[in-house]
Amino acid sequence: PTLKTVMAIEDVVKKADLAVSRNQIIARLPTKPMRSTLNVALDYLERRGMVLETKKGFIWTFNPSKKLAKAEEQGLEV
């Protein structure tokens, strides 16, 4: 996928109030990518920790908070 496609998919998931399925993402995009292209982009975003796939679809999870990063560094892993 092109960077433009990945950014458009990212934007759709980020703006969604609830989890969005693959079909809903395709419907909300201005251009309709192939299903394989969508899957590659979603896999990339998931590996980067930006989205999470649930039973109902994808949700946005990325939080660039510096306080959160500091808490993760100092936190205790159990």
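Biologist: In which sense do β1 and β2 pair, and over how many bridges?

Modeller: This is a predicted model. In it, the pairing of β1 with β2 is antiparallel and runs over 4 bridges. One of the residues involved is T54, whose bridge partner in β2 is G57.

Biologist: What joins β1 to β2?

Modeller: The connection is a hairpin, made through 2 residues.

Biologist: Turning to helix α1, how does its end-to-end distance agree with its number of residues?

Modeller: Helix α1 covers residues 3–15, which is 13 residues. At 1.5 Å a residue the expected span is 18 Å, and the end C-alpha atoms lie 18 Å apart, so the two agree.

Biologist: Which residues of α1 are buried?

Modeller: The general idea comes from the helical repeat. With 3.6 residues a turn, positions three or four places apart in an α-helix point the same way. In α1 the buried residues are T5, V6, I9, E10, V12 and V13. They cover an arc of only 160 degrees around the axis, and therefore sit on the same side of α1.

Biologist: Which residues are exposed on the other side of α1?

Modeller: L3, K4 and K15 are exposed there.

Biologist: What do the buried residues of α1 pack against?

Modeller: Two helices and two strands: α2 (22–28), α3 (35–47), β1 (51–54) and β2 (57–60). The hairpin strands β1 and β2 are thus among the packing partners of α1.

Biologist: Take a single residue, V12. Is it buried or exposed?

Modeller: V12, in helix α1, has a relative accessibility of 11%. The cut-off for buried is under 20%, so V12 counts as buried.

Biologist: Which residues is V12 in contact with, leaving aside its neighbours within four places in sequence?

Modeller: I25, R28 and L29. For a sense of distance along the chain and through space, take V12 and K32: they are 20 residues apart in sequence, and their C-alpha atoms are 13 Å apart.

Biologist: How many aromatic pairs does the structure hold?

Modeller: It holds 1 aromatic pair. The rings are those of W60 and F62, with centres 6.4 Å apart and planes at 75 degrees, so the pair is edge-to-face. The angle decides the class, because planes over 60 degrees apart count as edge-to-face.

Biologist: What is the relative accessibility of W60, and what is the relative accessible area of F62?

Modeller: W60 is at 23% and counts as partly exposed. F62 is also partly exposed, at 38%.

Technical notes: Residues are numbered from 1 along each chain as its sequence is written. This is a predicted model: local features need pLDDT of at least 70, side-chain atom pairs count only at pLDDT 80 or more; totals for chains, interfaces and linings use all residues. Side-chain values use heavy atoms; hydrogens and water are left out. The expected span of a helix is 1.5 Å times one less than its number of residues. Buried means under 20% relative accessible area, exposed over 50%, partly exposed in between (1.4 Å probe, protein chains only). The arc is that of the directions from the helix axis to the C-beta atoms. Contact means heavy atoms within 4.5 Å. Rings of Phe, Tyr and Trp (its six-membered ring) pair if their centres lie within 6.5 Å; planes under 30 degrees apart count as stacked, over 60 as edge-to-face and the rest as tilted. Two strands pair if DSSP finds at least two bridges between them.
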